[in-house]
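Hello,

Here is the structure I promised to pass on to you. Please open it next to this email and follow along as you read.

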Amino acid sequence: MSEQILQAVGSCGLALLLWALLVVVPSGCSETRGRALTLLKQWLSPEQRACYERFRYFDVIGSDTGTRYRVHHGTQTNIEELSHTGQRVCKWCFVPEGNLVAADVMLAQKIALETNERGALSVAHRSFVSM
């Protein structure tokens, strides 16, 4: 599984994940959540940051297909795939290994989808959305 995650996040994402695993204290700590949220916001575009601060989600564009994904605040099944009209197609779940806070998980998901979409989805669990 670790090799699949490495392929999913690529070298840039791997460096970030290793940093997070080395310097982040246990995930229950509010200081950890604050640092993770600060880091996430630094990696978001101004539009993504504004959307996240207002709605607690942001959109990313997949690197391979150009598909739009909505990453909601959370750690599991928090990614929605959107159609070209903005309708939910399905939900995706993939997370890095380790006891990470939501903002760190979301940042890893963002980087993975934007740099190696197919690799990320190859290790993800897909669930369908009822209409």
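Let's start with phenylalanine 55, which is partly exposed, with a relative accessible area of 43%. This is a predicted model, so please read everything below as a description of a prediction. How far apart are the ring centres of phenylalanine 55 and tyrosine 57? They lie 5.5 Å apart with their planes at 15°, so the pair is stacked. Tyrosine 57 counts as buried, at 16% relative accessibility, because the cut-off for buried is under 20%.

How many aromatic pairs does a search of the whole structure find? There are two. Besides the pair just described, tyrosine 52 and phenylalanine 58 have ring centres 6.3 Å apart and planes at 70°, so this pair is edge-to-face. Tyrosine 52 and phenylalanine 58 are both buried.

Between phenylalanine 55 and tyrosine 57 you will find arginine 56, which has a positive phi of about 65° although it is not a glycine. Arginine 56 sits in the loop between helix H3 (46-55) and E1, and it is partly exposed, with a relative accessible area of 46%.

**The chain as a whole**

Now zoom out. The chain has five helices and five strands, and from the N terminus on they run α-α-α-β-β-β-β-α-α-β. Of its 131 residues, 44% count as buried. Among the contacts with a separation of 6 or more, 54% are between residues 24 or more positions apart.

**The strands**

E1 and E2 run antiparallel and are joined by five bridges. Tyrosine 57, which you have already met, has histidine 72 as its bridge partner in E2, while valine 60 has tyrosine 69 as its partner there. The hairpin of E1 and E2 has six residues between the strands, and glycine 66 takes a positive phi near 75° in it.

E2 also pairs with strand E3 (residues 79-82), again in the antiparallel sense, over four bridges. Here valine 71 stands opposite isoleucine 79 in E3. Six residues lie between E2 and E3 in their hairpin, and glycine 74 in the turn has a positive phi of about 150°. Threonine 77 belongs to the loop between E2 and E3 too. It has a positive phi of about 45° although it is not a glycine, and it counts as partly exposed at 31% relative accessibility.

**The core**

In soluble globular proteins, nonpolar side chains tend to be buried together. In this model, the largest nonpolar core has 24 residues, and those touching the most other members are Leu40, Phe58, Tyr69, Ile79, Trp92, Phe94 and Leu113. At least two residues of this core come from each of helix H2 (30-43), strand E1 (57-61), strand E2 (68-72), strand E4 (88-93), helix H4 (102-115) and helix H5 (117-122). H4 gives the largest share, six residues.

Which residues does isoleucine 79 contact, leaving aside its neighbours within four places in sequence? They are Tyr69, Arg70, Val71, Cys90, Lys91, Trp92, Phe94, Gln109 and Leu113. Try selecting these in your viewer.

**A buried lysine**

Is lysine 110 buried or exposed? It is buried, with a relative accessible area of 4%. Lysine 110 is found in helix H4. Not counting residues up to four places away in sequence, it touches Trp43, Leu44, Gln48, Phe58 and Val60. Phe58 also appears in the edge-to-face pair with tyrosine 52, and Val60 is the residue whose bridge partner in E2 is tyrosine 69.

**Two sides of helix H2**

Finally, have a look at H2. At 1.5 Å a residue, its 14 residues should span 20 Å, and its end C-alpha atoms are 20 Å apart, which agrees. The buried residues of H2 are Thr32, Ala36, Leu39 and Leu40. They cover an arc of only 100° around the axis, which puts them on the same side of H2. An α-helix has 3.6 residues a turn, so residues three or four places apart point the same way. The face turned away from the buried side of H2 carries the exposed residues Ser30, Glu31 and Gln42. Leu40 is one of the core residues that touch the most other members.

Write back if anything is unclear, and enjoy exploring!

Best wishes

Note on methods
Residues are numbered from 1 along each chain as its sequence is written. This is a predicted model: local features need pLDDT of at least 70, side-chain atom pairs count only at pLDDT 80 or more; totals for chains, interfaces and linings use all residues. Side-chain values use heavy atoms; hydrogens and water are left out. A nonpolar core is a set of buried Ala, Val, Leu, Ile, Met, Phe, Trp, Tyr and Cys residues joined through side-chain atoms within 4.5 Å. Buried means under 20% relative accessible area, exposed over 50%, partly exposed in between (1.4 Å probe, protein chains only). Contact means heavy atoms within 4.5 Å. Rings of Phe, Tyr and Trp (its six-membered ring) pair if their centres lie within 6.5 Å; planes under 30 degrees apart count as stacked, over 60 as edge-to-face and the rest as tilted. The expected span of a helix is 1.5 Å times one less than its number of residues. The arc is that of the directions from the helix axis to the C-beta atoms. Two strands pair if DSSP finds at least two bridges between them.
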